[in-house]
Amino acid sequence: QQINGSPQYVATPGDTLHYEIFFKNIGEEPLRNLFLVAKLEGKPFDFQTLKAPLGEFEAGDNSVVFDWRRIPDLQFLDAREEGRVEFWIGLKDVWEAIGPQDMNPLIKSRVYLSQARHELTTKVNSKIEVVQKGYYTDEVFGNTGPIPPEAGKATTYTIIWQAKNYYNDANNARIKAVLGQGVNLTGKIFPEGAALTFDSNSREVVWKLDNLTAGNGVSGSGSNISFQVSFVPSVSQKGKIPELIGKATITGEDQFTGQKISGEAPTVDTTLPDDDTVNEGVVR
């Protein structure tokens with residue numbers, strides 16, 4: 001079996017998988033009029049997306065059936081000859097409630113061909129996400145300054161990051177984002193002592209989370225950090241909606257699959273879409 005051209009493929013939530021199943025007659029006599037059945041198992045599968053141009057999908061047991069009447073290699077397979085069938089199926093982005101039974105997910109294909117039986121398993125990466133929001137009105141720091149912002153005057157804002165990790169434990173987790181022009185950290189962080197750093201050259205804010213257990217921020221309390229920034233618009237930013245912070249990216253190493261995983265959240269500008277008390281972000 002190959003998935004997306006690889007016999008050792010590691011799947012990711014949201015993937016489209018191209019399955020190729022190869023079979024060979026290792027006997028001395030030709031084989032005729034065969035059926036090949038691939039039975040698929042695993043919560044990540046989105047069976048609504050299955051495409052098998054030369055096969056039939058049996059929804060009752062989630063099987064793809066390949067018939068010798070449509071596939072020449074199944075109609076007649078000479079000694080030492082090899083044949084192949086293929087189908088496509090997508091994986092869901094998220095599946096069902098997250099619990100211990102959903103950790104370390106596998107997808108399986110059980111293949112039946114004449115007397116042959118074979119089970120093939122594929123590991124699935126965790127889904128990792130970061131949520132990035134910006135507020136003027138908050139209960140963490142209490143912000144000050146003009147809203148909408150004014151050129152030459154400082155306005156403070158609260159940026160909140162939330163990390164989410166769904167199915168597999170991850171380590172070496174990091175969240176990164178670059179501050180906008182005229183934006184700087186004030187030094188206020190909650191919780192205090194969190195591993196938040198700032199590179200003044202790249203203007204990148206980095207939060208080192210290290211370990212994120214499966215279900216973190218999804219099925220219970222999650223990893224959150226709030227930090228305050230100060231924005232002093234320049235005269236050249238008048239009449240514009242400046243970016244306070246660029247898109248946030250989260251990265252980590254999946255402990256089940258050994259793969260690097262990542263996610264991202266959109267930028268936050270002075271319109272503060274998550275703050276209902278702010279209805280204008282154009283610099284004056």
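Glu264 counts as exposed in this predicted model, because its relative accessibility is 51%, just over the 50% cut-off. Glu264 forms a salt bridge with Lys247, and the closest N and O atoms are 3.5 Å apart. The pair links distant parts of the chain. Glu264 belongs to strand β21 (residues 260-265). Lys247 sits in the loop between β19 (243-245) and β20 (248-254). The two residues are 17 apart. Lys247 is partly exposed, at a relative accessible area of 45%.

Salt bridges that share partners also build a network. Its members are Glu41, Lys108, Arg110 and Glu119. In total, the structure holds 13 salt bridges.

One of these salt bridges pairs Arg84 with Glu20. Their closest N and O atoms lie 2.9 Å apart. Arg84 is in strand β9 (residues 82-91) and Glu20 in strand β2 (residues 16-24), so the salt bridge ties together parts that are 64 residues apart in sequence. The partners differ in exposure class. Arg84 is partly exposed, because its relative accessibility is 34%. Glu20 is buried, because its relative accessibility is 12%.

A further salt bridge joins Glu28 to Arg80, again with the closest N and O atoms 2.9 Å apart. Here both partners come from loops. Glu28 lies between β2 and β3 (31-32), and Arg80 between β8 (76-77) and β9, so parts 52 residues apart in sequence are tied together. Glu28 counts as exposed at 61% relative accessibility. Arg80 counts as partly exposed at 47%.

Aromatic side chains were examined next. The count comes to eight aromatic pairs. In one of them, the ring centres of Trp161 and Phe227 are 5.0 Å apart and the planes meet at 75 degrees, so the arrangement is edge-to-face. Trp161 lies in strand β13 and Phe227 in strand β18 (residues 223-231), so this pair ties together parts 66 residues apart in sequence. Both Trp161 and Phe227 are buried. Another aromatic pair, Tyr166 with Tyr167, is tilted. Its centre-to-centre distance is 5.7 Å, with 40 degrees between the planes. Tyr166 and Tyr167 are both buried. Elsewhere, Tyr19, Phe66 and Phe87 form one aromatic cluster. Phe256 has a charged neighbour: Lys123 lies over the face of the Phe256 ring, at 4.8 Å from the ring centre.

Phe256 also appears among the contacts of Asn168. Asn168 lies in the loop between β13 and β14 (170-178). Asn168 is buried, because its relative accessibility is 0%. Its side chain makes polar contacts. The side chain of Asn168 reaches the backbone oxygen of Val124 at 3.1 Å. A polar contact of 2.8 Å joins the side chains of Asn168 and Asp254. Beyond neighbours within four places in sequence, Asn168 is in contact with residues from several stretches of the chain, including Met103, Asn104 and Pro105. Val124, Asn125 and Ser126 are also among its contacts. So are Leu212, Ala214, Asp254 and Thr257.

Thr158 is another buried polar residue. It lies in strand β13 (residues 155-165). Thr158 counts as buried because its relative accessibility is 0%. The side chain of Thr158 makes a polar contact of 2.6 Å with the side chain of Asp138. A polar contact of 3.0 Å joins the side chains of Thr158 and Asn143. With residues up to four places away in sequence left out, Thr158 touches Lys133, Gly134, Tyr135, Asp138, Phe141, Asn143, Ser226 and Phe227. Phe227 is thus a contact of Thr158 and the edge-to-face partner of Trp161.

Asp276 is an exposed residue, because its relative accessibility is 78%. Its place is in the segment after β22 (268-269). The C-alpha atoms of Asp276 and Gln115 are separated by 65 Å. Along the chain, Asp276 and Gln115 are 161 residues apart.

Conventions
Residues numbered from 1 in each chain as written. Predicted model: local features only at pLDDT ≥ 70, side-chain atom pairs only at ≥ 80, totals over all residues. Heavy atoms only, no water. Helix = DSSP H or I, 4+ residues; strand = E, 2+ residues; numbered from the N terminus. Buried < 20%, exposed > 50% of the residue type's maximum accessible area, 1.4 Å probe, protein only. Polar contact = N/O pair within 3.5 Å; in protein donor to acceptor, adjacent residues only side chain to side chain. Contact = heavy atoms within 4.5 Å. Phe/Tyr/Trp six-rings, centres within 6.5 Å; stacked < 30°, edge-to-face > 60°. Lys NZ or Arg CZ within 6 Å of the ring centre and 35° of its normal. Salt bridge = Lys/Arg side-chain N within 4 Å of Asp/Glu carboxyl O.
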